[in-house]
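Biologist: Please take one part of this chain and go through it closely. I would like the helix packing at the C-terminal end described, with enough of the rest to place it.

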Amino acid sequence: MKDPLRTQIRHVLDALGDVPDDFEIELEEPDRPEHGDLATNTALRLASVLGDNPRSIAETLAAQLRERVDPSRIQSVEVAGPGFVNFRFAQDYLFEGLADLLAEGDTFGKTDNGTGQTALVEYVSANPTGPLNVGHGRNAVLGDTIANLLEWTGYDVTREYYYNNAGRQMRVLAQSVRARYEALAGDVSTTSLTLDDGTTVEVPAGFPEDGYLGQYITEIADDLYDEHGDALLATDDLAPFREAAEQAIFADIEDTLRALTIDMDGYANEQALHDEGRVQEVLNGLDDAGYTYEENGALWFKTTEFGKEDDTVLVKQTGEPTYRTPDIAYHTAKFGRGFDLMVDVFGADHHAAYPDVLSALDVLGHDTDRVDVVLYQFVTLVRGDEPVKMSTRRANYVTLDDLIDQVGADVTRFFFLMRSPDTHLNFDLELAEEESEKNPVFYLQYAHARICSVLDKAEEVGFSHDADADLSLLTHEDEIALIKELLRFPQELQNAAEARAPHFVPNYLRDVATAFSQFYDHCQIIGEENERASARMQLARAAKTVLKNGLTVLGISAPRQM
RNA sequence: GCGCCCGUAGCUCAGUUGGAUAGAGCAGCGGACUUCUAAUCCGCAGGCCGCAGGUUCGAAUCCUGCCGGGCGUACCA
């Protein structure tokens, strides 16, 4: 609807003369219903250009538009306020839209901006050193939903998880497992470690200074001991420990993701990038372009040339790359696979690092406009007013699994999605655990269940929702308001996808649920005469479709009953 | 010090490209169920949109400076 209107306005402006060719016509949906369904500020913005007062420009514009617009779509064109021109949809236009919605069914909301393009969404990407925490949960759910949104706007989407398995972290992990294993296999003396909080803990003598203390490490060691007995003591090779740990921890991570209905298309890891020579290629490429130098035995990247305060180390004195280097290599690999769009979902703690990756990609000749980084702020768990204390070091934190066990997958996903990624998230366990009207996710699910129930009941008593129901009987103000709300869905998804802002969707769906509840309260089905009942059943079905499709995008179930 | 995010109702937060009288949920107060699910609906109350300047016909939104909170600023990831 916006595009045809823009065209008409353009025609009028061209006739007016003196309007710059690049003048952009803005159309917006006004907040207040009395301002119509669409409004343009064109007259206000042209006042200074044309040297006339905005009100009179608006009058001219409106008069000519009344002649031009299609009356079956636009019912009225009015001048209001300081010089806005407000448009009101014809009801027939709404009924057509509703009929289209019903015909499209579970594909209603899909658009085609991304059609023919491929996107790679990288998310979670936690290294397999322990169970996922709630911060990873926010990452996982945001990434997964952004991937869904891109699919709904036509992209062919690949979901990928990247992790570092070649560096120091995994070595420390392996050493931690080995130390526990040695303690099982033989009589090993213990030593005590002092933690940040000043407490001490007894560990086997070979345990690394910054090792992983979680119970899961001991369990992995137990399994190794059950399988191999003392045999692994003979070698200094850490590989069996590292591999066992990676495998066991990854299995747990995948279970956790599955519980959130997250299904990755693929996993990429650092080791493979080394094996394929990608990391070396990056170093060569940056060196050839003259952006690296050696100092103090390390290899540096001249990030000061890109406005950073300091240069950045790519390869440490030890010969090991910093984590940035394989990360760059991973991105060159993504480019090599030909994706049109690459979205990376990172925690706020990465914000200092990703610009280096982009700078390097730029030097290597890649189009960094195709890479989009979504940064999200941290998650704090609270219970009512009390913050929930956690220590990562001791692995004594509420894991993502714990959270899902306590509040369920739907609530977990919803709470992570309902806030902007930009805002620090207070996850209130007390509210999340509450299965009541206070919990916003139930409001949406309840509306869906209620529609299912109403439609079933109406059919039981002999009504039916004929495909040829006369939708023009839907003239009650709550019916019209609901239709308008429902028809916004495709645009809403498109906005959310483009802005990488999943939280638009829960906010919108709450408005849909509210509009439906108001309709439900004021417009009966059973008890009405057949024609009207059929039309209302069709409208209820349309609302159900939007709620269902919207919840599907969010990865949240739409129950038939509650 | 520097960089990024945030500051909007008692609380948690919406408010895409600058628009008309700044919104929602929760909490508070008052109403509505012998009728399709009351996990609902209707109403009331609640605001110097952190502060101060600036740009504009118009600023919660853009710019500058300050104040407050978070995260970074590693040869950790």
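Modeller: The account below starts with the whole chain and then turns to the helices.

This is a predicted model, in which local features need pLDDT of at least 70 and side-chain atom pairs count only at pLDDT 80 or more, while totals for chains, interfaces and linings use all residues. Residues are numbered from 1 along each chain as its sequence is written, chains are lettered from A and ligands numbered from 1 in the order in which they are written, and side-chain values use heavy atoms, leaving out hydrogens and water.

Chain A has 20 helices and 17 strands; helices (H or I, at least four residues) and strands (E, at least two) are DSSP runs, numbered from the N terminus. Its C-alpha trace spans about 90 × 65 × 40 Å along the principal axes. Of the 562 residues in chain A, 48% are buried, where buried means under 20% relative accessible area, exposed over 50% and partly exposed in between, with a 1.4 Å probe and protein chains only. Contact means heavy atoms within 4.5 Å; among contacts in chain A between residues at least 6 apart in sequence, 73% join residues at least 24 apart.

Three domains are given for chain A: domain 1 (2-89), domain 2 (168-259) and domain 3 (437-553), with bounds from an automatic or database domain assignment. Between the C-alpha centres of domain 1 and domain 2 there are 69 Å.

Now the helix pairs. Axes are lines fitted to C-alpha atoms, for helices over the stretch in contact, and angles run from 0 to 180 degrees between N-to-C directions. Helix α19 (residues 504-522) and helix α20 (residues 530-554) have axes that come within 10 Å and cross at roughly 160°. That angle makes α19 roughly antiparallel to α20; angles under 35 degrees count as roughly parallel, over 145 as roughly antiparallel, 65 to 115 as roughly perpendicular and the rest as oblique. The crossing of the two is left-handed, meaning that the near helix is turned anticlockwise from the far one by less than a right angle, with clockwise being right-handed. On the α19 side the contact includes Val505, Tyr508, Leu509, Val512 and Phe516, and on the α20 side Leu539, Ala543, Val546, Leu547 and Gly550 are among the residues involved. By class this contact has 15 nonpolar, one polar and one charged residues, with Ala, Val, Leu, Ile, Met, Phe, Trp, Tyr, Cys and Pro counted as nonpolar, Asp, Glu, Lys and Arg as charged, and the others, Gly among them, as polar.

Helix α16 (residues 440-460) also meets α20: their axes come within 10 Å and cross at roughly 145°. This crossing is left-handed. Contact residues include Leu444, His448, Ile451 and Leu455 from α16, and Met537, Arg541, Lys544 and Lys548 from α20. The α16 contact with α20 holds 11 nonpolar, one polar and four charged residues.

Helix α17 (residues 477-487) has Asp478, Glu479, Ile480, Leu482, Ile483, Glu485 and Leu486 buried. These buried residues pack against α4 (91-104), α18 (489-498), α19 and α20.

For another pair, take helix α5 (residues 134-152) and helix α14 (residues 409-417), whose axes come within 9 Å and cross at roughly 80°. α5 and α14 are therefore roughly perpendicular to each other. Arg413, Phe416 and Leu417 of α14 take part in the contact, and Val134, Val141 and Asn148 are among the residues contributed by α5. Five nonpolar, three polar and three charged residues make up this contact.
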